[in-house]
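Work through the following exercises with the sequence and the coordinates open side by side. Each task is followed by a solution that proceeds in steps.

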Amino acid sequence: MASASFMASQQGGKKMKEIQPEGTQNSLGRIRAPSWQDVLHSSSGLPTPTIYQVEKLQPSFYNDVQAWFAMKNQYEGGLYHHVCVQQVGPKLLCRNDIKQMIMIKLLLDRTGGSNCSVICINAGSGHGKTSLLHALYNDKLLTDTFDKRIWIQLSDRVDMSTLFRKIVEGAMNDHCSITNLGCLQEMVKEEFADKKFLLFLDDADIEDQQFWSTVLNVLNAGAKGSAVIMATRSSTVCTFMDMTAQSYILNPLFEENNLMLLQQYAAMGTDIRSNPDLLMVAKRIISRFGSNPLNLIAIGGLLSHADSISIEMDKFEGSVVPLQLCHDVLSIHLKKCLAFCSLFPEGYTFDKHHMVLQWIAHGCVRSAEGCKLEDIGVKYFNELLCRSFFQYSPVHNNRFVMHELMYKVVASASRDKYFKAEDPTNSIPENILHLSLVSSQFHTIELMSKTEELKDLQTFLVVQPEWQPYKISFPTLNLVSLDDFFLKFTSLETLDLSHTDTEELPGSIAGLRNLRYLSVNNTSIRTLPSELCSLINLLTLQAKDCRFLTELPGDTVKLLKLRHLDVTKELDYVYLPHGIGHLTELRTLPIFHARGHPSHCSISELGNLHNLRGCLRLSGLEGIKTGSEAQEANLKNKHHLKDLTLQWHDGGINIDDEDEDEDTENLADQVLESLQPHTNLQELAIRGYEGNSFPAWMQDSSSLPNLVSLTLDGCCNCTEFPAIAQLPSLKFLSVRKMYDVKRLTNNSYGQTKFPSLELLNLWEMYGLEELFEASEGDCPRLCKVCLSRCPDMKRLPCAPSVREVVLHCGRDLPDIPDLASLVSLKIEGFHGVKSFSLPALPALKKVEIRSCKELLSVDGLSALTTVQRLKVAGCPKLGLPITDSSLTI
C-alpha cells in the first residue's frame, strides 16, 4: 500500500480542487476550516477512505480493547515494559514523502521573482501539521543551508505588531519591548537583510488577506531563497498567497500507515501484522479512529497502558469520542495533574521539572515507599507524554506543549473548579478553587474586587502567556490589596506571583499555613518577610532573577520541609543564612555562594545536604580558607548531582596580580582537589580557577566515566591540559582562556582519543599550536570544531567525521586537512591573510568568508564543485573566479 498521499497545487490561476478539508459553509457559501468541536466529536477530521470499510456486525470497541489487552499480556508475559515513541523524542511518522517534496522545493527550486517563497501545509486538527513542521525545522540539511530559522506559534489573538515582535525576538534571540508597528517592520527588514531565512508559522489560521500581504512584503527583504512554511487548518489562507506559493494537503493515512502508528504507540510486544487475530482487532480500531492520526495515536497510548487504566464498560459504549475516552480512563491523580495544566493558556510551553513541583504542592503526586516524590511526578509526566497529552515542543529543548484538541478536553473536564482569566474584565465563578491570571500586557488588578465572589481559593497563579527563554522580562501585572487577599484566602497551597510588579510580601503571608509552593521570580522584591519562615509546610521557594534581593531571612532555616530552594540571579548572588545545612530535605539548590559575611552559610554546610540533585553552581570559591573546609561539602557522595559548576572570582580572572602568590595557587589546588564529584556527574564547568594544575581526579577517566560535557573557562595559570582524552562519554568540550597551553593532549598510542566527542569549542587560547596528533580511529564522532582567537594554531586534526568547521580571528589560517565529511566551512576575521588554499573537500556545500580585509585569493575554491552556497562579506580585495550558475552567492 502506498504511503501517505498528498496534493500539491500551484496557487493563483489554479484552485485546489482535488481534496478540501471537510468543513461547513457559511452564509457566503465559503468553506470554513473544521473547528476543534467538529474534529473532537467525530473520529475523523476528513472523509474516510473506502479502505476503512468493515463488516457491519463487529464486536464492540470494549470487546476489542479487552481482546487487545489479553493478547498484549500473552506476548509480553507480564515482563515487557516498553519505552513509548513519545518518550524517546519527537519523530515524524508517515509523512516523509511530503517532507521530501518540501525539502526539494526549499533546496533546489530557483523559480519565482520574490526573494521569499511560501509553502502552505493544510489539514484539519490532529493530522500532523506541527509534526511535519517540527521535522523540517530540525532537519540538519536545512540547518546547514539557511542562516536563520525561526519558529512562531500563532493564534487568533496575534495581531501584526505581535507577529513582527515575535520575529524580531526569534532573530535576535532576545526580548523586544518595542510595540510600534513601523519600527518593528524596519527591525525585521534589518535582521533579515542579506540573510537566507526559514520562518515557520504554526496555526496560521488568520483569514485576512491584507494581513498576509503586508507580512510577506516585509519578509521579502531577506536574501534570495528565503522561505515561509506555514501550517493552517484554513484552505482560505492558502489562497491569499502569491502565484508561486505551493500548498500541500495532508490527507487521511492509508491502512498500512495507520498500522505503523498503532504499532509504534500501542507498543505491542510483537509485530501486529504477523498475527491474524491481532491484525483483525487492529483493523477494527483503525476503522473507528484511523482517519485522524491524533485520535489513533491517543488510542494507541491508551492500549499501551493496560496495567493502569480503568476499563469500565460504560466508558466504551455508544458513540466513543476518542480523546475524551483517553482522558476518562485515567486514574484520579493523573486527571488532577492535567486539570492543573488547564490553568495555563492554550499553546503554553511546559517545563517538566516546574510542573512536577507544582503537582506535588497541588497534592497530585501520591507517595510510594522507597520512591522520591519528584521521581514519581516525573513518572506521571512521562506517562501523560506517552499517552499524547503532552508532546515535545518543536523548538525548546526538553520542554513540552499540549495539542489544542487535548487541551480542549482537559479544560472542559476541569472547568468546575479551575479557572483561567485571560481578560482583566472576566468575572470569576464563585465555585472556583484554582485560579490563574494570564496577561501579556501590563494591567493593574484590584485583587479583592476581582475575587469578591470566591469563598475559598487553594491555587493562585500569575502566568505569562508564553514561556520566555530570556532571564529578565517586564512585569505584566500590578496586584493591589495583596495583604487583604492573604487574610481572606488562608487555604492557599500554591502561590505564584512571578513577573508581577510586586515589591514586598505583606506579613499576612504568615496566615497561609497550608502553603506548599511560593514563587516570586522576576519581581522587584528587596527582602522576604521573616513571617514567611513560619510556613512550616512550604516545599518549594523560588525567588529567581529578583535583581534587588540580596539575602534570605535568617529564620529560613526553620523551613525544615523545604525541598526546593532557587535564588539564582544573573549578575549577583542572594546570600543564604547560616544553618542552611539543617534543611536536609533539600533536593534542588541551583546556586550556592561560598564567600560572604560570617552570618552567611559556609560551604561545609553542604555536607549535610545528601539529597541534592540536578544542577549545583558553587561560586565564590576564592573565599574558602582551607582544602579541608571544601572537603566537608562532601560532593563525592552526592550521587544525584548531574551538573556541577565550580567558580572562582565570578568566573573571570582575578586582576589583583600583585597579590597573587604561590600560597594562593596552592590553596586553589587543594580546594579543587577536595571538590571531587561523584562518578555519576554528567556536566562539569570550572571557571576562573586560580591553581596551576588540575587535580588527580581529572587525570583519571574512571573518576568521570559518565561525564558528557566539560567546560574550562579562565583557568589562566594552568600550563598543562588535564588528561581527559580517554573519557568514554565526553561529547562536548569547551575551553577558553588557557593562555599557556600548547596542545590539548599528549600522544597516547594504542588508545582512541576522544571516543565520543561531538563538539569542540576553543576560545582565546593564545599559546595553542595544535590540538593533538590524530591517529586512525581518533575522534570517530567529532562533528563540529570552532576555533576563535587561537593565533598560533598550525593545523587541524584529520577527523573524517567532522561536518562543520568555524575559524575566527587568527594570525595565520591553520592548515585544513582533507575532511571527507565537511559540509560547512566558515572563516572570519583573519585580517592579515592574503591567500590560503583549500584541499579537496568532496562533501563541502556551504562556504562563508568574512572580514578578511587583505585576502586576495583562495586557491582550490573553484575546484570544489559540490559547493552550493558561497557567502563573502568584508573582503574587498578578494576576486571570485566562479561562473557556476547553480551557486548562490
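A charge sits over a ring if NZ of Lys or CZ of Arg is within 6 Å of the ring centre and within 35 degrees of the ring normal. The model to which this criterion is applied here is a predicted one.

**Exercise 1. Find which charged side chains lie over the rings of Tyr 137 and Phe 146, and describe the helix to which Tyr 137 belongs.**

Solution. Begin with Tyr 137, whose face is covered by Arg 149 at 4.4 Å from the ring centre. Turn next to Phe 146, where the charged end of Lys 196 sits over the ring, 5.1 Å from its centre. Both distances can be set against the cut-off, which asks for an atom within 6 Å of the ring centre. Finally, place Tyr 137 in helix 4, where the buried residues are Lys 129, Leu 132, Leu 133, His 134, Ala 135, Leu 136 and Tyr 137. Since 7 of the 9 residues of this helix (residues 129–137) are buried, helix 4 is largely enclosed by the rest of the structure.

**Exercise 2. Classify the ring pair formed by Phe 192 and Phe 197, and list the members of the aromatic cluster that includes Trp 359.**

Solution. The structure holds 21 aromatic pairs. In the pair of Phe 192 and Phe 197, the ring centres are 4.0 Å apart and the planes meet at 15°, which is why the pair counts as stacked, the cut-off for that class being planes under 30 degrees apart. Both partners, Phe 192 and Phe 197, are buried. Trp 359 belongs to one aromatic cluster together with Phe 340, Phe 344, Tyr 348, Phe 350, Phe 381, Phe 390, Tyr 392 and Phe 400.

**Exercise 3. Work out the strand order of the open sheet made of 3 strands, and name its edges.**

Solution. The order of this open sheet is 9-11-10, and its pairing is antiparallel. Strand 9 (350–351) and strand 10 (391–392) are the edges, each with a single partner strand, so one side of each has no neighbour in the sheet. For the pairing itself, follow strand 10 to strand 11 (residues 399–401), to which it is joined in the antiparallel sense over 2 bridges. Within that pairing, Gln 391 has Val 401 of strand 11 as its bridge partner.

**Exercise 4. Describe the open sheet of 12 strands, and trace the pairing between strand 30 and strand 32.**

Solution. Strands of a sheet pair through backbone hydrogen bonds, either parallel or antiparallel. Here the pairing is parallel, and the order of the strands is 21-22-23-24-25-26-27-28-29-30-32-34. At the edges stand strand 21 (591–593) and strand 34 (869–873), each of which pairs on one side only. Neighbouring strands of this sheet are turned by 5° against each other on average, when direction is ignored. Strand 30 (residues 824–828) and strand 32 (residues 846–850) run parallel and are joined by 5 bridges, and the bridge partner of Lys 826 is Glu 848 in strand 32.

**Exercise 5. Determine where Cys 852 is placed in the chain, and which residues it touches.**

Solution. Cys 852 lies in the loop between strand 32 and strand 33 (857–859). With a relative accessible area of 1%, Cys 852 is buried. Leaving aside neighbours within four places in sequence, its contacts are Ile 827, Gly 829, Phe 830, Gly 874 and Cys 875. For Ile 827, the separation from Cys 852 is 25 residues in sequence and 8.4 Å in space, C-alpha to C-alpha.

**Exercise 6. Examine the backbone at Asn 522 and Cys 809: in which loops do they lie, and are they buried or exposed?**

Solution. Phi of Asn 522 is near 55°, a positive value in a residue other than glycine, and Cys 809 likewise has a positive phi near 55°. Asn 522 lies in the loop between strand 18 (517–519) and strand 19 (540–542), whereas Cys 809 is found in the loop between strand 29 (804–808) and strand 30. Asn 522 is buried, with a relative accessible area of 5%; Cys 809 is buried too, with a relative accessible area of 17%.

**Exercise 7. Decide how residues 1–57 should be read in this model.**

Solution. Across the protein, pLDDT averages 85, and 85% of the residues score at least 70. Over residues 1–57, by contrast, pLDDT stays under 50, although the model has 124 contacts beyond four places in sequence for this stretch. Where pLDDT is low, the predicted coordinates should not be read in detail.

Technical notes. Residues are numbered from 1 along each chain as its sequence is written. This is a predicted model: local features need pLDDT of at least 70, side-chain atom pairs count only at pLDDT 80 or more; totals for chains, interfaces and linings use all residues. Side-chain values use heavy atoms; hydrogens and water are left out. Two strands pair if DSSP finds at least two bridges between them. Helices (H or I, at least four residues) and strands (E, at least two) are DSSP runs, numbered from the N terminus. Axes are lines fitted to C-alpha atoms, for helices over the stretch in contact, and angles run from 0 to 180 degrees between N-to-C directions. pLDDT is the predictor's confidence in each residue, from 0 to 100. Contact means heavy atoms within 4.5 Å. Rings of Phe, Tyr and Trp (its six-membered ring) pair if their centres lie within 6.5 Å; planes under 30 degrees apart count as stacked, over 60 as edge-to-face and the rest as tilted. Buried means under 20% relative accessible area, exposed over 50%, partly exposed in between (1.4 Å probe, protein chains only).
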